[in-house]
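Reader: I am new to this structure and would like to understand the terms used to describe it. Please set each value beside its definition.

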Amino acid sequence: MKTFPVLTMAVALAACGGTETTDNAGSVTDSTVQTPMTADAGTTNSDNMTDGTVPTDANGYLAMAGSGDMWEIESSKALIAKSQNADLKKFAQMMIDNHTQSTEKLKAAAKSANVTPPAPKLDAEQQRMLDELRTADANSIDMIYMRHQATAHQKALALHQGFAANGDNDALKKAAGEIVPVVERHIAELSRMSASS
């Protein structure tokens, strides 16, 4: 397997900056990755977090979490279809399983809070990354996937930590807090794979 110096740098920088990531389900107790990111009280934009804000409203959070889970699942399917790397394919299957579980966790929390989650929809950046993976050849897809996973998981971590700390809905705040350690576990696994490649 090729080395991924770009990914190693991306993971290291992301761990310092803590502004991106996506994940779900399960319960791991390691919470060493980052401190929660705070959101502006009036922030409701769910399109992206390039400005460093995290939605504190239920609908904004659900929209962003839904698009993140969708991206994780679809990008991981693209990797599995082309990659020859068994370790990375195993990780991608874990992404499909965990993000499907987190989607279900958030749907259940939303239902208990009488909130209807918006239909998931990829934002422009997620669609660009997915298109890049779908058009990549078998020789380049592993590196592209790892790089995009590092970015997506830091974004997801900021989203779930931020909502768990500052969200406007207790049921969804609890679910977000339960998703955080899963995302952290994914980041740790990405870092492990990058270091061993």
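Reader: How do you know that the reach of helix 2 is close to the one expected at 1.5 Å a residue?

Author: This is a predicted model, in which local features need pLDDT of at least 70, side-chain atom pairs count only at pLDDT 80 or more, and totals for chains, interfaces and linings use all residues. Residues are numbered from 1 along each chain as its sequence is written, and side-chain values use heavy atoms, with hydrogens and water left out. The expected span of a helix is 1.5 Å times one less than its number of residues. Helix 2 (residues 58–82) has 25 residues, and 36 Å is expected; its first and last C-alpha atoms are 36 Å apart.

Reader: What makes a stretch count as a helix, and how many helices does the protein chain have?

Author: Helices are DSSP runs of H or I with at least four residues, strands are runs of E with at least two, and both are numbered from the N terminus. The protein chain has six helices and zero strands.

Reader: Why is helix 2 called mostly covered?

Author: Buried means under 20% relative accessible area, exposed means over 50%, and partly exposed lies in between (1.4 Å probe, protein chains only). In helix 2, 18 of the 25 residues are buried. Helix 5 is also mostly covered, with 20 of its 26 residues buried. In the protein chain, buried residues make up 49% of the 197 residues.

Reader: Why is Ala152 called buried?

Author: Ala152, which lies in helix 5, has a relative accessible area of 6% and is therefore buried.

Reader: Why are helix 5 and helix 6 called roughly antiparallel?

Author: Axes are lines fitted to C-alpha atoms, for helices over the stretch in contact, and angles run from 0 to 180 degrees between N-to-C directions. Angles under 35 degrees count as roughly parallel, over 145 as roughly antiparallel, 65 to 115 as roughly perpendicular and the rest as oblique. Helix 5 (residues 141–166) and helix 6 (residues 170–196) pack at about 155°, with their axes 8 Å apart. The two helices are therefore roughly antiparallel to each other.

Reader: What makes a set of residues a nonpolar core, and which elements contribute to the largest one?

Author: A nonpolar core is a set of buried Ala, Val, Leu, Ile, Met, Phe, Trp, Tyr and Cys residues joined through side-chain atoms within 4.5 Å. The largest has 21 residues, and Tyr61, Leu62, Leu106, Leu159, Leu172 and Val183 touch the most other members. Helix 2, helix 3 (86–112), helix 5 and helix 6 each give two or more residues to this core. Its largest share, seven residues, comes from helix 6.
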